[in-house]
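Visitor: I would like a close look at one part of this protein. Please start there, then take me through the rest.

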Amino acid sequence: MNTRLKFLNKVALVTGAGEGIGFEIARQLVNEGASVVLNDIDEKLAGKGVAILTQEGPGKCVSCSGDASDVDFIRSMIDFTVTQFGRLDIVVANAGITLFGNFFEFTVQEFQKVVNLNLKGTFFLVQHAAKQMRKKAEGGRILLMSSTIGLRAYPNLTVYSMTKSALCMMAKSLVLELSPYEITINAIAPGATSTERTVLGDLEYESKWKNLIPLGKIALPADIARPSVMLLSDECRHITGQTWVIDGGWTAASPYPNFNTVQRSEKKVPR
Ligand SMILES: NC(=O)c1ccc[n+]([C@@H]2O[C@H](COP(=O)([O-])OP(=O)(O)OC[C@H]3O[C@@H](n4cnc5c(N)ncnc54)[C@H](O)[C@@H]3O)[C@@H](O)[C@H]2O)c1
């Protein structure tokens with residue numbers, strides 16, 4: 001076994017990792033020797049991800065499909081991880097939902113759907129994971145998946161934006177609670193990234209965004225995963241409470257597609 005593998009003997013749990021950014025983070029952890037529990041609400045996607053990563057190795061990968069917004073499931077997922085691999089060192093709260101909707105028409109159900117996964121699911125995943133991590137002297141690493149939309153205003157995404165902004169504060173605030181146990185907690189704020197959801201969901205996604213990004217392209221999942229995995233490594237053991245923005249420079253000016261069109265089409269003032 002290659003002893004230079006950064007995550008040899010480490011056990012990680014990544015949520016929403018059947019595809020997209022989460023899958024790429026799980027892949028890089030497995031490629032660096034970690035044993036990974038790969039969660040996705042879609043059982044088939046989770047199984048497919050595990051099959052790919054088991055083949056790639058050298059770390060191990062097992063599936064734990066289920067809803068990362070369900071607190072009972074979260075508890076069972078932590079127990080499953082410890083039963084499978086004997087410990088828990090790393091948690092990546094990646095699962096998140098993006099729901100566009102007009103502010104004036106946004107429903108309670110829609111609000112709850114976003115908050116349930118992005119905030120409640122993340123909070124209780126961190127709580128249960130940290131309870132497990134504090135049992136051992138080496139502590140642990142926790143990563144939250146925020147967004148540049150948690151740092152800048154964007155039309156029709158207020159609730160998503162609120163939750164992603166809250167995750168940056170969650171990372172900062174929990175420094176006080178988790179540092180005594182040697183647990184670090186940080187957030188990643190990706191900008192426009194090419195995933196199955198974004199690119200297949202909108203064929204113009206890449207062309208719309210790339211000219212608005214100073215570096216001239218949207219991110220690949222690996223562009224987000226590499227720094228994420230770096231933050232999870234011992235090289236970054238003294239970094240905690242931070243949000244790393246990975247956006248090709250977008251937040252420097254934050255232009256977005258069709259700014260004027262969007263503003264005008266929504267300016268319907270009732271009289
Ligand atoms: N893609 C981007 O441009 C971008 C930008 C900024 C932030 N993000 C954030 O990164 C994270 C991953 O986004 P993405 O675009 O890579 O993937 P995505 O949103 O397409 O979802 C990845 C996986 O999560 C699973 N999932 C959805 N709901 C779940 C639940 N309740 N429990 C468990 N799994 C669930 C899906 O089945 C899917 O396989 C999200 O938190 C998202 O908000 C993405």
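Where is the place of Gly-57?

Guide: A caution before the answer: this is a predicted model. The place of Gly-57 is in the loop between α2 (43–56) and β3. Gly-57 counts as exposed, because 11 C-beta neighbours lie inside 10 Å. The next residue, Pro-58, lies in that loop between α2 and β3 too. Look at the bond that joins them. The peptide bond from Gly-57 to Pro-58 is cis, and omega is near 0°. For a sense of scale, take Pro-180 as a second marker. Gly-57 and Pro-180 are 123 residues apart in sequence. In space they are 34 Å apart, C-alpha to C-alpha.

Now follow the loop into the sheet. The sheet is open and has seven strands, with parallel pairing. The strand order is β3-β2-β1-β4-β5-β6-β7. The loop of Gly-57 leads to β3, and β3 (61–63) is an edge strand. The other edge strand is β7 (243–246). Each of these two pairs on one side only. From one strand to the next, the twist averages 20°.

Move inward to β1. Strand β1 covers residues 11–14, and both of its faces are covered. Val-11 and Leu-13 are buried on one side. Ala-12 and Val-14 are buried on the other. Four bridges join β1 to strand β2 (residues 35–38), and the two run parallel. Leu-13 stands opposite Val-37 in β2.

Leu-13 also leads to Val-91. Among the residues that Val-91 touches are Leu-13, Leu-125 and Val-126. Val-91 touches Ala-129 and Ile-142 as well; residues up to four places away in sequence are not counted here. The largest nonpolar core has 70 residues. Ala-26, Val-36 and Val-91 touch the most other members of that core. Its largest share, eight residues, comes from helix α5 (residues 158–178). In soluble globular proteins, nonpolar side chains tend to be buried together.

Two loops flank α5, and each holds a residue worth checking. Asn-156 lies in the loop between β5 and α5. Its phi is near 65°, a positive value in a residue other than glycine. Asn-156 counts as partly exposed, because it has 16 C-beta neighbours inside 10 Å. Glu-182 is found in the loop between α5 and β6. Phi of Glu-182 is near 65° and so positive, in a residue other than glycine. Glu-182 is partly exposed, with 16 other C-beta atoms within 10 Å.

From there, go on to the far edge. Strand β6 (residues 183–190) is joined to β7 by four bridges, and they run parallel. Within this pair, Ile-188 has Trp-244 of β7 as its bridge partner. Helix α8 (residues 221–232) packs on the sheet. Helix α8 touches β4 (90–93), β5 (140–145), β6 and β7. The direction of α8 makes about 160° with that of β7.

Last, the ligand. There are 29 residues around it. Gly-16, Gly-20, Ala-68, Gly-96 and Arg-197 come nearest. By class, the shell has 10 nonpolar, 14 polar and five charged residues. Helices α1 (20–31) and α6 (196–201) each supply at least two residues of the shell. The largest share, three residues, comes from α1.

How values were computed. Residues numbered from 1 in each chain as written. Predicted model: local features only at pLDDT ≥ 70, side-chain atom pairs only at ≥ 80, totals over all residues. Pairing = 2+ DSSP bridges. Axes fitted to C-alpha atoms, helices over the stretch in contact; angles between N-to-C directions. Contact = placed C-beta atoms within 7 Å. Near = placed C-beta within 6 Å. Nonpolar A, V, L, I, M, F, W, Y, C, P; charged D, E, K, R; others polar. Core = buried A, V, L, I, M, F, W, Y, C linked by C-beta atoms within 7 Å. Buried ≥ 20, exposed ≤ 12 C-beta atoms within 10 Å, placed from the backbone.
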